[in-house]
Amino acid sequence: MDRAELSITLHRTGDEAVLRLAGEIDMLTAAQLSTVVNEVLVDPPPRIVLDLGGVTFCDSQGLGTLVVLSRKASHAQSLLMLTNVGEFLIRVLDITGLRSALMIRNDQTTG
């Protein structure tokens, strides 16, 4: 069995930190995501954007991590937003009722 991989690229602009995620968010990689977001929250920007365009899988641990990080960001006066959320993840968030617990901004252009 291959070990799940998650690559995270951080890009900070004036008022937001964008984390581009690629790979899987699961029990093996959720801690890695938490670590990076916690480092960003040391000096919290107004917005933290998680770009999930490259995410191919997210299990219950990953979902829980997203909710926890969203709450942590709130406490730090920052807003955690998800963008480029794939159809599969939107369905999972709807089924689990977690969609309302997360801020989702899908601004994909068609064409």
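Here are some friendly notes on this predicted model, going through its helices, a strand pair and a few individual residues.

1. A good place to start is helix α2, residues 60-75. The helix has 16 residues, and its first and last C-alpha atoms lie 23 Å apart. That is close to the 22 Å expected at 1.5 Å a residue.

2. Many of your questions about α2 may concern what lies under it. Its buried residues are Gly62, Leu63, Thr65, Leu66, Val67, Leu69, Ser70 and Ala73. The elements that cover them include the strands β2 (16-25), β3 (47-58) and β4 (79-83), together with the helices α1 (30-40) and α3.

3. The two ends of α2 each deserve a look. At the N-terminal end, Asp59 acts as a cap, with a side-chain oxygen 3.0 Å from the backbone nitrogen of Gln61. Beyond the other end, just after α2, comes Gln77 with a positive phi of about 60°. Gln77 belongs to the loop between α2 and β4. Is Gln77 buried or exposed? Its relative accessible area is 69%, so Gln77 counts as exposed.

4. If you are checking backbone torsions, please add Asn84 to the list. Asn84 is not a glycine, yet its phi is positive, at about 55°. This residue sits in the loop between β4 and α3. Gln77 is likewise a residue other than glycine with a positive phi.

5. Helix α1 has a clear inner side. Its buried residues are Ala30, Leu33, Val36, Val37 and Val40. Why do they fall on the same side of α1? They cover an arc of only 130° around the axis, and therefore share one side of the helix. As background, an α-helix has 3.6 residues a turn, so residues three or four places apart point the same way. The exposed residues Ala31 and Glu39 are carried on the face turned away from the buried side of α1. As for partners, the buried residues of α1 pack against β1, β2, β3 and α2.

6. Next, the strand pair at the start of the chain. Strand β1, residues 6-12, runs antiparallel to β2, and seven bridges join the two. The connection between β1 and β2 is a hairpin through three residues. Within this pairing, Ser7 of the β1 stretch stands opposite Ala22 in β2.

7. Leu93 is a useful residue to click on in helix α3. With a relative accessibility of 0%, Leu93 counts as buried. Leaving out residues up to four places away in sequence, Leu93 touches Leu63, Leu98, Arg99, Leu102 and Ile104. For a sense of distance, Leu93 and Ala22 are 71 residues apart along the chain, and their C-alpha atoms are separated by 19 Å.

8. Finally, Leu98 lies in the loop between α3 (87-96) and β5 (103-105). How exposed is Leu98? Its relative accessible area is 23%, which means that Leu98 is partly exposed. Apart from neighbours within four places in sequence, Leu98 is in contact with Leu63, Val67 and Leu93. Two of these, Leu63 and Val67, are among the buried residues of α2, so this point leads back to the helix where these notes began. Leu98 and Gly64 are 34 residues apart in sequence, with 9.0 Å between their C-alpha atoms.

How values were computed: Residues numbered from 1 in each chain as written. Predicted model: local features only at pLDDT ≥ 70, side-chain atom pairs only at ≥ 80, totals over all residues. Heavy atoms only, no water. Helix = DSSP H or I, 4+ residues; strand = E, 2+ residues; numbered from the N terminus. Buried < 20%, exposed > 50% of the residue type's maximum accessible area, 1.4 Å probe, protein only. Contact = heavy atoms within 4.5 Å. Expected span 1.5 Å × (residues − 1). Polar contact = N/O pair within 3.5 Å; in protein donor to acceptor, adjacent residues only side chain to side chain. Pairing = 2+ DSSP bridges. Arc of directions from axis to C-beta.
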